[in-house]
Structures are given as structure tokens and as C-alpha cells.
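Q: I am new to this structure and should be grateful for a close look at one part of it. Please describe that part carefully, and then what lies around it.

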Amino acid sequence: MGLTPSAMNPLGTPAPDFSLTDSVSGRRVALSDVKAKKGLLVMFICNHCPYVKHVQDGLVQLGKDYEKRDLAIVAINANDAVGYPDDSPEKMAVEAKGKDYRFPYLHDETQAVARAYQAACTPDFFLYDAARTLVYRGQFDSSRPGNGIPVTGQDLRAAIDLVLADKPVPAYQKPSAGCNIKWRA
């Protein structure tokens, strides 16, 4: 398994706009549609990456734990679905329903949104505050396939909790790491 780290975009970067189709409902979801007063979490994930599969149950639990809090969550799959058919919108819908995602699972067919966010890997996490400025772009936790560390989401959860408490998120953040985004040729 190759390991690609997050790009670690500069903190304070504004959230790029998007309008993408939700794989489950078929509806378009835009940044302006995502309502939450305190925070927005944008996750770049996919169906086939072993790093995403490793933390997937933790992502599902995160969605459940924060769905009634003032945090909006969206997941985006930007992988080339032609080259990687497991990441097709149809298979994304099956995955989202089967795992009971509590957040939209959006398909970035053109990969323009992933490029705007400078997403580099799956999973890649971008947490924004109430002003939609980047406050966290780090790892879910220190667990990786085969390293024996339990999946807890502690790094991302700590950042989310600070945002929800209107407190600053420390600037020192460990990059996420996983499979590279599968760009179209």
C-alpha cells in the first residue's frame, strides 16, 4: 500500500465552493446548502481504499455522535470511477446505505472540488469554523492498517470539540495519510 500524506493547506484558508450530487438521494448539495452555525467537516473518502476501510466504522460513529450537534459533515469521493469502478456513484450509494452514513456522500465526477480543496489522499479531512475558514487539516487519529493502534478519531474529534466550544484549534496538526486520490488521466 502506498502512503500519500495530506497537503496540509494553510490554516485560515476559506472553504472552496462546491455543488455535487449526493450518491444516495440524487440531489445536488452545495456549500451554501450545508447549514451549521459552528463548523463544517469536509471529508474526502472512497469505497476501496484500505486506509478509509480501516477508519470507516469510526467515521460512521463520528457522524452519529455529531449529527445533533452544530456541525455539518459531508463526505466527497473524487476518485476516477471509470478506472476504479468500486467508486462509482451507484456503489457509493450502496456503501453509504449499508454503513448508515449520517452525512451526504457526494460524487466529484470532474474532480474540480478535490483540486479546489487540494485533497491529496483518502481519507483527507478539512474542518472549518463558523466563518468557513480552515482550522484543522490533519489525521483522524494515529491508527493505520496493521499498526495495532485502535481507531478512535481522537485527533479530529478534539478539533471538532474545540470548534463547537468556540475555542481555537492548535496549529500543530499531524497530516492524514492514505491512498492518493485516483486522478483521471
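A: What follows is a close look at helix 2 and at its surroundings. The model is a predicted one, in which local features need pLDDT of at least 70, side-chain atom pairs count only at pLDDT 80 or more, and totals for chains, interfaces and linings use all residues. Residues are numbered from 1 along each chain as its sequence is written, and side-chain values use heavy atoms, with hydrogens and water left out.

Helix 2 covers residues 89-99; helices (H or I, at least four residues) and strands (E, at least two) are DSSP runs, numbered from the N terminus. Met92, Ala93, Glu95 and Ala96 of this helix are buried, a term for under 20% relative accessible area, whereas exposed stands for over 50% and partly exposed for what lies in between (1.4 Å probe, protein chains only). Seen down the helix axis, these buried residues fall within an arc of 165°, so they line one face of helix 2. The arc is taken from the directions from the helix axis to the C-beta atoms. On the other side of the helix, Glu90, Val94, Lys97 and Gly98 are exposed. After helix 2 comes aspartate 100, with a positive phi near 65°.

The cover over the buried residues of helix 2 includes helix 1, strand 5 (71-77) and strand 6 (105-107). Of these, strand 5 is taken next. Seven of the seven residues of strand 5 are buried, and its two faces are both covered: Leu71, Ile73, Ala75 and Asn77 lie on one side, Ala72, Val74 and Ile76 on the other. In a regular strand the side chains alternate between the two faces of the sheet.

Strand 5 also has a partner. Strand 4 runs parallel to strand 5 and is joined to it by six bridges, two strands being counted as paired if DSSP finds at least two bridges between them. One of the bridge pairs is phenylalanine 44 with isoleucine 76 of strand 5.

Helix 4 (residues 154-164) also meets strand 5. Its buried residues are Asp155, Leu156, Arg157, Ala159, Ile160, Val163 and Leu164. They pack against strand 4 (39-44), helix 1, strand 5, strand 8 (124-128) and strand 9 (134-136), where contact means heavy atoms within 4.5 Å. Helix 4 is followed by aspartate 166, whose phi is positive, near 60°.

Helix 1, which is named among the cover of helix 2, leads to an internal space. The structure holds one cavity of 30 Å³ or more: on a 1 Å grid over the protein atoms alone, a cavity is a set of points where a 1.4 Å probe fits but cannot get out, and its lining residues have an atom within 4 Å of a point. The largest cavity has a volume of about 70 Å³, the volume being the space filled by probe spheres set on grid points, which are joined across faces, edges and corners. Its lining has 13 residues, and those nearest its centre are Val55, Pro123, Ser143, Arg144 and Ala177. Helix 1 (residues 50-66) gives the most to this lining, with three residues. The lining comprises seven nonpolar, four polar and two charged residues; Ala, Val, Leu, Ile, Met, Phe, Trp, Tyr, Cys and Pro count as nonpolar, Asp, Glu, Lys and Arg as charged, and the others, Gly among them, as polar.

Definitions and conventions: 1 Å grid on protein atoms, 1.4 Å probe; cavity = no way out; pocket = protein on both sides within 12 Å on 5 of 7 lines; lining within 4 Å.
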